[in-house]
Amino acid sequence: MTNSTAKTKLAIANQVPITCMGLHVRRASRIMSQLYDAAFRPVGLVQTQFTLLVAIHLLEPVAITQLAQELFTDQTTITRNIKLLEQRGLVAFNLGEDRRIKLASLTIDGQSVLEKALPLWEQAQTDVRQHLGEQKWQDLLSLLSEVKTLNQRS
């Protein structure tokens with residue numbers, strides 16, 4: 001490859017900070033995570049733990065494989081994050097009908113922490129909604145729902 005060909009190809013890199021959807025979505029995700037993590041600090045949770053508590057509450061009793069599918073996350077990550085919640089006494093496991101499958105449920109302490117976290121989540125939601133405005137809020141939710149369909153194509 002000649003020096004001018006390499007420069008031409010590298011010139012495309014100038015477009016990345018402006019047009020790369022992956023970069024912009026990751027950046028926005030980190031910003032949102034920081035905002036929600038700060039909101040959940042009073043109850044000792046971070047966004048990922050709150051999301052897990054909500055998913056377990058809605059689906060319980062639930063297998064890790066189902067949680068991973070619902071949250072578009074790999075089982076290893078779910079297992080690692082649930083172990084932290086289990087160590088805090090917020091989640092417990094019981095054997096399913098198929099004794100090889102462990103099912104997660106919230107403990108009484110887990111339900112209590114979730115009850116305390118929900119108003120914090122509502123306030124964070126309100127803050128973001130007010131910052132963006134109602135139309136952008138709805139547009140963003142719609143666009144993010146559409147992004148999920150990319151996963152169905154692979």
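Colleague: In this predicted model, how many residues does α4 have, and how far does the helix reach from its first C-alpha to its last?

Modeller: The helix α4 covers residues 47–59, and at 1.5 Å a residue a helix with its 13 residues is expected to span 18 Å. The reach in the predicted model, taken from the first C-alpha of α4 to the last, is close to that expectation, at 18 Å.

Colleague: Which residues of α4 are buried?

Modeller: An α-helix has 3.6 residues a turn, so residues three or four places apart point the same way. In α4, the residues that count as buried are Q49, F50, L52, L53, A55 and I56.

Colleague: Which strands does α4 touch, and what angle does its direction make with that of β3?

Modeller: The sheet is open and has three strands with antiparallel pairing, in the order β1-β3-β2. Its edge strands, each pairing on one side only, are β1 at residues 62–63 and β2 at residues 91–95. Helix α4 packs on this sheet and touches β1, β2 and β3, and the angle between its direction and that of β3 is about 105 degrees.

Colleague: How many bridges join β2 to β3, and how many join β1 to β3?

Modeller: Strand β3 is made of residues 102–106 and runs antiparallel to β2, and a hairpin of six residues leads from β2 to β3. The pairing of β1 with β3 is antiparallel as well. Between β2 and β3 there are five bridges, and between β1 and β3 there are two.

Colleague: Which residues of β3 are the bridge partners of A92, N94, L95 and A63?

Modeller: Beginning with β2, A92 has S105 as its bridge partner in β3, whereas L95 is partnered by K102. For N94, the partner in β3 is L103. On the side of β1, the bridge partner of A63 is L103.

Colleague: Which residues touch the most other members of the largest nonpolar core?

Modeller: The core has 28 residues, and the elements that give two or more residues to it are α3 (21–40), α4, α5 (64–70), α6 (75–87), β2, β3 and α7 (108–132). The members of this core that touch the most others are L45, L53, I56, L67, I82 and V91.

Colleague: Which residues does I56 touch, leaving out those up to four places away in sequence?

Modeller: I56 is one of the buried residues of α4, and it is also among the core members that touch the most others. Its contacts beyond four places in sequence are V62, L67, I82, V91, A104, S105 and L106.

Colleague: Why does A117 count as buried, and which residues does A117 touch?

Modeller: A117 is placed in helix α7, and it counts as buried because its relative accessibility is 0%. The C-alpha atoms of A117 and L144 are 24 Å apart, with these positions 27 residues apart along the chain counted as their separation. Not counting residues up to four places away in sequence, A117 touches F40, V43, L45 and F50.

Colleague: Is Q125 buried or exposed, and with which residues is it in contact?

Modeller: Q125 also has its place in helix α7. Since the limit for buried is under 20% relative accessible area, Q125 counts as buried because its value is 19%. Leaving aside neighbours within four places in sequence, the contacts of Q125 are Y36 and W137.

Colleague: Where is L71, and which residues does it touch?

Modeller: L71 lies in the loop between α5 and α6, and at 26% relative accessibility L71 counts as partly exposed. Its C-alpha is 8.2 Å from that of A55, although the two are 16 residues apart in sequence. Beyond four places in sequence, L71 touches T51, L52, A55 and I78.

Colleague: Which peptide bond is cis, and what phi does F72 have?

Modeller: The cis bond leads into P61, which is found in the loop between α4 and β1, while F72 is in the loop between α5 and α6. The bond from E60 to P61 is cis, with omega near -10 degrees, and F72, although not a glycine, has a positive phi of about 55 degrees.

Colleague: Which feature does UniProt place at residues 18–149?

Modeller: In the model, this span is 73% helix and 9% strand, and its end C-alpha atoms lie 24 Å apart. The unreviewed UniProt entry names the feature at these residues "domain: HTH marR-type".

Note on methods:
Residues numbered from 1 in each chain as written. Predicted model: local features only at pLDDT ≥ 70, side-chain atom pairs only at ≥ 80, totals over all residues. Heavy atoms only, no water. Pairing = 2+ DSSP bridges. Helix = DSSP H or I, 4+ residues; strand = E, 2+ residues; numbered from the N terminus. Contact = heavy atoms within 4.5 Å. Axes fitted to C-alpha atoms, helices over the stretch in contact; angles between N-to-C directions. UniProt positions renumbered as here; feature names shortened; annotations may be inferred. Core = buried A, V, L, I, M, F, W, Y, C linked by side-chain atoms within 4.5 Å. Buried < 20%, exposed > 50% of the residue type's maximum accessible area, 1.4 Å probe, protein only. Expected span 1.5 Å × (residues − 1).
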